[in-house]
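Please walk me through this structure, taking one part at a time and explaining how the parts fit together.

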Amino acid sequence: MDLFSQKIKRSELKEGDHIYTWRKQIYSHHGIFIGEGKLIHFVNSGIDDILHFSGGSSGSVMKNKKTPCPVSYCGSEKVAGSGVRMSCIDCFIIKGSLYRFKYEASHEFLVAKLRGGTCSTARSDSPEEVIHRATYLYENGYVEYDLTNNNCEDFALYCKTGLWSNDKSNQGRSSQANMVHPTKEEDKIKNKIHRIATAIPRSCLKRENQDLGVREDVEKVRVEDLSSFHLALK
Ligand SMILES: [Zn+2]
């Protein structure tokens, strides 16, 4: 048995879990499981629709591009254009595997992980608080998508911990984005997904320093106050 494996079966899912799955073996897509086969996740509406990341009767789908998902809520956005969607677990996983993001990971565990976006030393709040945050953001909207500063992993990390950076120049909290250290040449690459896939991974130590449980520039922000807190940083 692989002690480092975070792969889980659907039957092991618990409400409030932060889950992820690999897309094209390149990067992980993250969401919060809220029970009854549903999850809430954050997508970059324009790009992700093209790449069929979110299912739904609105036209996009995952398992089979030609067949819309029959689940009524799947792919829905309560606030149009917010990117915060409710989807069914099938459309989230597509044909991949399901993994549980690990909280309160030891520093050894964090450093041993070759790829970012799988664990944090930070502590998760209760499932009730996590689901409250995810549901509130689904119903009321969220902060604008940014691949390196506010992506699907950042959304799930916030739902789990309530932690948000108070440093406007260092907003990104996702370890997946933080493990990327673009060179000047890479900076010129307009396609950020391609940039993430080809960039040089930062050293484990740098990744550890950016971990949500280690950083000192993050603080608890109530989900009801998040929008005004974030706006005040600008
Ligand atoms: Zn679906």
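Which residue in β2 does threonine 21 stand opposite? In this predicted model, threonine 21 faces histidine 29 of β2. Strand β1, residues 18-23, is joined to β2 by 6 bridges, and these strands run antiparallel. Strands of a sheet, in general, pair through backbone hydrogen bonds, in either a parallel or an antiparallel way.

The wider setting is an open sheet of 5 strands, arranged in the order β4-β3-β2-β1-β5 with antiparallel pairing. Because β4 and β5 (99-100) stand at the edges and each has a single partner strand, one side of each is left without a neighbour in the sheet. Helix α5 packs on this sheet, where it touches β1, β2, β3 and β4, and its direction makes about 35° with that of β2.

From the sheet we can turn to helix α4, which covers residues 127-140. At 1.5 Å a residue, its 14 residues should span 20 Å, and the C-alpha atoms at its ends are indeed 20 Å apart, so the expectation and the model agree. Within α4, the buried residues are Val130, Ile131, Arg133, Ala134, Leu137 and Tyr138. Seen down the helix axis, the buried residues of α4 fall within an arc of 160°, so they line one face of the helix. An α-helix has 3.6 residues a turn, so residues three or four places apart point the same way.

What covers these buried residues of α4 includes the strands β2 (27-35), β3 (38-42), β4 (84-88) and β9 (218-220), together with the helices α5 (152-161) and α10 (226-233). After α4 comes glycine 141, whose phi is positive, near 95°.

Terms used: Residues are numbered from 1 along each chain as its sequence is written. This is a predicted model: local features need pLDDT of at least 70, side-chain atom pairs count only at pLDDT 80 or more; totals for chains, interfaces and linings use all residues. Side-chain values use heavy atoms; hydrogens and water are left out. Helices (H or I, at least four residues) and strands (E, at least two) are DSSP runs, numbered from the N terminus. The expected span of a helix is 1.5 Å times one less than its number of residues. Buried means under 20% relative accessible area, exposed over 50%, partly exposed in between (1.4 Å probe, protein chains only). The arc is that of the directions from the helix axis to the C-beta atoms. Contact means heavy atoms within 4.5 Å. Two strands pair if DSSP finds at least two bridges between them. Axes are lines fitted to C-alpha atoms, for helices over the stretch in contact, and angles run from 0 to 180 degrees between N-to-C directions.
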